[in-house]
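Open the model in your viewer with the sequence panel beside it, and keep a selection tool at hand. The stops below each begin with something to select and then say what is found there.

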Amino acid sequence: MFSKSTEYALRATIYIARWASIENKVSLQTVANGIGAPQSFTAKILQQLTNKKTGIVSSVSGPTGGFYITEKSKKLPIIKILEVMEEIDTIMGCILGFPNCSDENPCSMHRSYKSIKIDIFELFQERTIEDLANAKDRLM
């Protein structure tokens with residue numbers, strides 16, 4: 001459903017929330033290995049997530065540096081990650097990608113997908129980073 005960048009952004013955020021703290025930061029290499037992503041690709045994604053404007057993930061440079069997520073950021077809904085990665089249209093847009101699809105001008109999937117996309121959007125608004133990091137059924 002989402003781009004590979006967004007999948008890695010979600011995985012990286014959850015991984016960092018699960019395994020790091022301000023006292024015990026994780027390195028770029030650790031995150032990349034933990035989520036099964038190339039290190040250079042992970043670095044670009046983490047740049048987006050650590051941007052001062054977005055502030056989802058925090059980082060410290062230097063020998064004792066690395067990545068972590070504050071308790072405040074752990075309370076953020078998952079939708080914030082999707083906003084940073086510019087994926088809201090993936091959920092709320094036309095499932096077939098038609099730019100003019102609407103209630104007045106529906107594509108062949110519009111009516112079937114309309115309630116599903118609302119449910120998906122609400123799911124990502126309700127679930128927090130902390131919810132996913134603390135989930136018992138986890139792969140990472």
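Start with the largest nonpolar core of this predicted model, a set of 33 residues in which I16, L49, I81 and F124 have the most contacts inside the core. To see where the core comes from, colour α1 (4–19), α2 (28–35), α3 (39–50), β2 (66–68), α5 (79–84), α7 (110–126) and α8 (129–133), each of which supplies at least two of its residues. Within that selection, α1 gives the largest share, namely seven residues. As background to this stop, nonpolar side chains in soluble globular proteins tend to be buried together.

Next, select F124 and display its surroundings: leaving aside neighbours within four places in sequence, F124 is in contact with F2, P77, I78, I79, L82 and I91.

From there, move to L82, which is placed in helix α5. Is L82 buried or exposed? L82 is buried, because its relative accessible area is 0%, and the cut-off for that class is under 20%. Not counting residues up to four places away in sequence, L82 touches F2, T6, L10, E87, I88, I91 and F124. A distance label between C-alpha atoms is also worth adding here, since L82 and T70, 12 residues apart in sequence, lie 19 Å apart in space.

Now follow the chain out of α5 to E86, which lies in the loop between α5 and α6. The phi angle of E86 is near 55 degrees, a positive value in a residue other than glycine. With 70% relative accessibility, E86 counts as exposed.

Continue to the surface and select I95, L96, F98 and M109, which form a nonpolar patch with about 370 Å² of accessible area together. Of these, L96 can be located in the loop between α6 (88–92) and α7. L96 counts as partly exposed because its relative accessibility is 45%, a value that falls between the limits of 20% for buried and 50% for exposed.

The following stop concerns the cysteines, and a selection of C94, C101 and C107 with their sulfur atoms shown will serve for it. How many disulfides does a search of the whole structure find? The search finds zero. For C101, the nearest cysteine sulfur is that of C107, 3.8 Å away, and C101 is in no disulfide. For C107, the nearest cysteine sulfur is that of C94, at 3.7 Å, and C107 is likewise in no disulfide. The separations of 3.8 Å and 3.7 Å can be read against the cut-off, which asks for sulfur atoms within 2.5 Å. C101 is buried, with a relative accessible area of 19%, and C107 counts as buried at 13% relative accessibility.

Finally, clear the selections and look at the protein chain as a whole, which has eight helices and two strands. Read along the sequence, these elements follow the pattern α-α-α-β-β-α-α-α-α-α. The C-alpha trace spans about 60 × 30 × 30 Å along its principal axes, and 39% of the 140 residues count as buried. If you draw a contact map, 63% of the contacts between residues at least 6 apart in sequence join residues at least 24 apart. With the surface switched on, the accessible area of the protein chain comes to about 8,400 Å², and 51% of that belongs to carbon and sulfur atoms.

Terms used. Residues numbered from 1 in each chain as written. Predicted model: local features only at pLDDT ≥ 70, side-chain atom pairs only at ≥ 80, totals over all residues. Heavy atoms only, no water. Core = buried A, V, L, I, M, F, W, Y, C linked by side-chain atoms within 4.5 Å. Buried < 20%, exposed > 50% of the residue type's maximum accessible area, 1.4 Å probe, protein only. Helix = DSSP H or I, 4+ residues; strand = E, 2+ residues; numbered from the N terminus. Contact = heavy atoms within 4.5 Å. Patch = residues over 30% accessible without salt bridge, like charges linked within 9 Å, V, L, I, M, F, W, Y side chains within 5 Å. Areas by Shrake-Rupley, 256 points an atom, 1.4 Å probe, with all protein chains shown as cover. Salt bridge = Lys/Arg side-chain N within 4 Å of Asp/Glu carboxyl O.
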